[in-house]
There are 4 protein chains.
Amino acid sequence: MTDPDSPPPAGSSSSLAASPTRVSIRVRYAETDQMGVGYHGAYLPWLEVARTRWLQEHAVSYRELEAGGVHLPVIEVRCRYLQPTHYDDELVVEAAAYRYRRSGIGFEYRVVRPADGKLVATAETRHAAVGPDGRPRRLPIALRDALERSIPDDVPVRR
Amino acid sequence: MTDPDSPPPAGSSSSLAASPTRVSIRVRYAETDQMGVGYHGAYLPWLEVARTRWLQEHAVSYRELEAGGVHLPVIEVRCRYLQPTHYDDELVVEAAAYRYRRSGIGFEYRVVRPADGKLVATAETRHAAVGPDGRPRRLPIALRDALERSIPDDVPVRR
Amino acid sequence: MTDPDSPPPAGSSSSLAASPTRVSIRVRYAETDQMGVGYHGAYLPWLEVARTRWLQEHAVSYRELEAGGVHLPVIEVRCRYLQPTHYDDELVVEAAAYRYRRSGIGFEYRVVRPADGKLVATAETRHAAVGPDGRPRRLPIALRDALERSIPDDVPVRR
Amino acid sequence: MTDPDSPPPAGSSSSLAASPTRVSIRVRYAETDQMGVGYHGAYLPWLEVARTRWLQEHAVSYRELEAGGVHLPVIEVRCRYLQPTHYDDELVVEAAAYRYRRSGIGFEYRVVRPADGKLVATAETRHAAVGPDGRPRRLPIALRDALERSIPDDVPVRR
């Protein structure tokens, strides 16, 4: 019996689902802090950029999703910082989705720096589907289909 | 003849209207950048905190204002940075309002660091009053009254 | 045998260590997003404010810590969002520290909204102690002592 | 005689110097506020992205500049918001530089939304050249040369 609340089973620490979405980000000066590195809080908007790109590529743009009355607020975020990043670093954020519980959606992320090939962060977010009133909503069919397609027979691995 | 678009006449560079609102801010680590100072963009939310406090003290909370269908989007901001600020600095942001054109509102700000008495920044923002549809709205009467009261017989000075 | 990397044992979901540090935060307009709630990424700076206050109350200010050549970069953050927050909400962020592995430090947080008594978020961060060169450093003795004192005979509970 | 402190002479409100640098930005969800628009404070990092790109294209990367001991802190920013922007809008930020006073540098910006061709904001920033100690420094020769080249015989226009 599997606890529906538990994370997906652990796998290799450096892989995501088969075909993740990739977006390229450059660390902005505004995103640095006085330690001289990319501020840890700045990574959350980067994950978001990759996540919304995944939605657009696989199902529906987040803009349309919200216009249709469905929001996907973050109910949990977890991020591990493996290497510092610096101003003007180019980073690639990879995102892959999985069905989370009955009507939610989860994303897994890897943040990689192509210049040295280093994995600089891994992360995971979980989202509920809610209406403008904050009450649970079903995921749109296009998104449910995309989730089915994106996870052939095994769930995405976990860092 | 006065250009309605021009700034209020210049005055002493270190004074605001008679009784400005004062809020205390502490520079967060998140608000520093790799130069080791308070990031210049972080000042705008600080001004906003002082501005919304002014509204609350003199007329109506911004929360109520929006609930009543009136938004005051920033249509112009200007900020001069006179001294660097640092992580954990306590700053006092002073704000005073003036009527801007027919249906708008302007704010002037001084950011002071009590520890050394230095004026670290001066700023000014201008706002239109619009409805949820983005179309011009009249300022609520309570706010118009407050603006009348806040400017006895001379306009607030300009940095 | 306990995995030094594992989280502290689970306890009551609504308590932290005996005497957490408490800071009061008000949700800034800048911290909202178009869903009309406090942006999930805005919570990380709030946790930071509580965390640095804990350090100051129990051992040494973060400013002095950095001046002494010790940084505590976040190596992992986890946050659960239980209730939405709104512009101008007053929130109380509670933080308590525990020793994390040999030379690191961990913090646990609860974010509570006094107006309705709701627990709006729980979070946890883990930090390495490093020097300006990014290499591991020992925690200063004052901080190690504080960690000993802060955890009488049981570790802080986990959400 | 020209007041060195005064803005450059006014010109057409919709043009910059001959060949501005252009960068493309997409409004992030994190950059929206509860009014449902791009938060006014989010524009400052966008300007910065365009400004640092200008430096890189014309003279030297900002990363190298700082490595060489020269910082260009913002001493003044001014931004006019002409049209609201929305989540996921693609925006083009144009930046052009001019020599500001003896040893400073100024930038002018236009933010345009290609989808509807609208000019959504104009802005201007001014910068001092300082060393790590905060004391005035001369601009590097490569940058001075670039400033000479970028302004053939007329100064950049001002909105």
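These exercises, with worked solutions, concern a predicted model.

## Exercise 1. Outline chain A

Task: state how many helices and strands chain A has, and in which pattern they follow one another.

Solution.
- Step 1. Count the elements. Chain A holds three helices and five strands.
- Step 2. Read along the sequence. The pattern is β-α-α-β-β-β-β-α.
- Step 3. Check burial. Chain A has 159 residues, and 47% of them count as buried.
- Step 4. Check the range of the contacts. Take the contacts in chain A between residues at least 6 apart in sequence; 72% of these join residues at least 24 apart.

## Exercise 2. Relate chain C to chain A

Task: find the rotation and the shift that superpose chain C on chain A, and name the relation.

Solution.
- Step 1. Recall the general form. Two copies of a chain are related by a rotation about an axis and a shift along it.
- Step 2. Superpose. Chain C falls on chain A after a rotation of 180 degrees with 0.0 Å of shift along the axis, and the RMSD is 0.0 Å.
- Step 3. Name the relation. This is what a two-fold axis does.
- Step 4. Locate the axis. C:R78 is the residue of chain C that comes closest to the rotation axis, with its C-alpha at 2.1 Å.
- Step 5. Compare the two sides. In chain A, 100% of the contact residues of chain C recur, and the same surface serves both copies.

## Exercise 3. Dissect the contact of chains A and C

Task: determine how many residues each chain gives, and which element of chain C gives the most.

Solution.
- Step 1. Count. Chain C gives 17 residues and chain A gives 17 residues.
- Step 2. Assign elements on the side of chain C. Helix α1 (43–58) and strand β2 (74–81) each supply at least two residues.
- Step 3. Rank them. β2(C) gives the most, with eight residues.
- Step 4. Sort by character. The side of chain C that touches chain A has ten nonpolar, four polar and three charged residues.
- Step 5. Look at the strands. β2 (residues 74–81) of chain A and β2(C) run antiparallel and are joined by five bridges. Opposite A:R80 stands C:E76 in β2(C).

## Exercise 4. Turn to chains A and B

Task: describe the contact of chain B with chain A, and explain why the copies meet through the same surface.

Solution.
- Step 1. Count. Nine residues come from chain B and nine residues from chain A.
- Step 2. Sort the side of chain B. It divides into four nonpolar, four polar and one charged.
- Step 3. Superpose. A turn of 180 degrees and a shift of 0.0 Å along the axis lay chain B on chain A, with an RMSD of 0.0 Å.
- Step 4. Conclude. The copies meet through the same surface, because 100% of the interface residues of chain B are also interface residues in chain A.

## Exercise 5. Trace the sheet of chains B and D

Task: give the order of the ten strands in the open sheet, and say which strands lie at its edges.

Solution.
- Step 1. Follow the pairing. The order is β1(B)-β3(B)-β4(B)-β5(B)-β2(B)-β2(D)-β5(D)-β4(D)-β3(D)-β1(D), and the pairing is antiparallel.
- Step 2. Find the edges. β1 (21–26) of chain B and β1 of chain D are the edge strands, as each pairs on one side only.
- Step 3. Add the twist. From one strand to the next it averages 20 degrees.
- Step 4. Inspect the join between the chains. Five bridges link β2 (residues 74–81) of chain B to β2(D), and these strands run antiparallel. B:R78 has D:R78 as its bridge partner in β2(D).
- Step 5. Place a helix. Helix α3 (residues 141–150) of chain D packs on the sheet and touches β3 and β4 of chain D. Its direction makes about 105 degrees with that of β3(D).

## Exercise 6. Test a helix

Task: compare the expected span of helix α1 of chain D with the distance between its end C-alpha atoms.

Solution.
- Step 1. Predict. At 1.5 Å a residue, the 16 residues of α1 (residues 43–58) should span 22 Å.
- Step 2. Compare. The end C-alpha atoms are 23 Å apart, which agrees.
- Step 3. List buried residues. Among them are D:Y43, D:W46, D:E48, D:R51 and D:W54.
- Step 4. Find their partners. The buried residues of α1(D) pack against elements of chain D including α2 (62–67), β3 (90–100) and β5 (118–127).

## Exercise 7. Inspect two positive phi values

Task: state where A:R101 and C:D88 lie, and classify each as buried, partly exposed or exposed.

Solution.
- Step 1. Take A:R101. Its phi is near 55 degrees, a positive value in a residue other than glycine. A:R101 sits in the loop between β3 (90–100) and β4 (104–113) of chain A.
- Step 2. Classify. A:R101 has 12 other C-beta atoms within 10 Å, so A:R101 is exposed.
- Step 3. Take C:D88. Its phi is near 75 degrees, again positive in a residue other than glycine. C:D88 lies in the loop between β2 and β3 (90–100) of chain C.
- Step 4. Classify. C:D88 has 16 C-beta neighbours inside 10 Å, so C:D88 counts as partly exposed.

Key:
Residues numbered from 1 in each chain as written. Chains lettered and ligands numbered in written order. Predicted model: local features only at pLDDT ≥ 70, side-chain atom pairs only at ≥ 80, totals over all residues. Contact = placed C-beta atoms within 7 Å. Helix = DSSP H or I, 4+ residues; strand = E, 2+ residues; numbered from the N terminus. Nonpolar A, V, L, I, M, F, W, Y, C, P; charged D, E, K, R; others polar. Pairing = 2+ DSSP bridges. Least-squares fit on C-alpha atoms with pLDDT ≥ 70 in both. Buried ≥ 20, exposed ≤ 12 C-beta atoms within 10 Å, placed from the backbone. Expected span 1.5 Å × (residues − 1). Axes fitted to C-alpha atoms, helices over the stretch in contact; angles between N-to-C directions.
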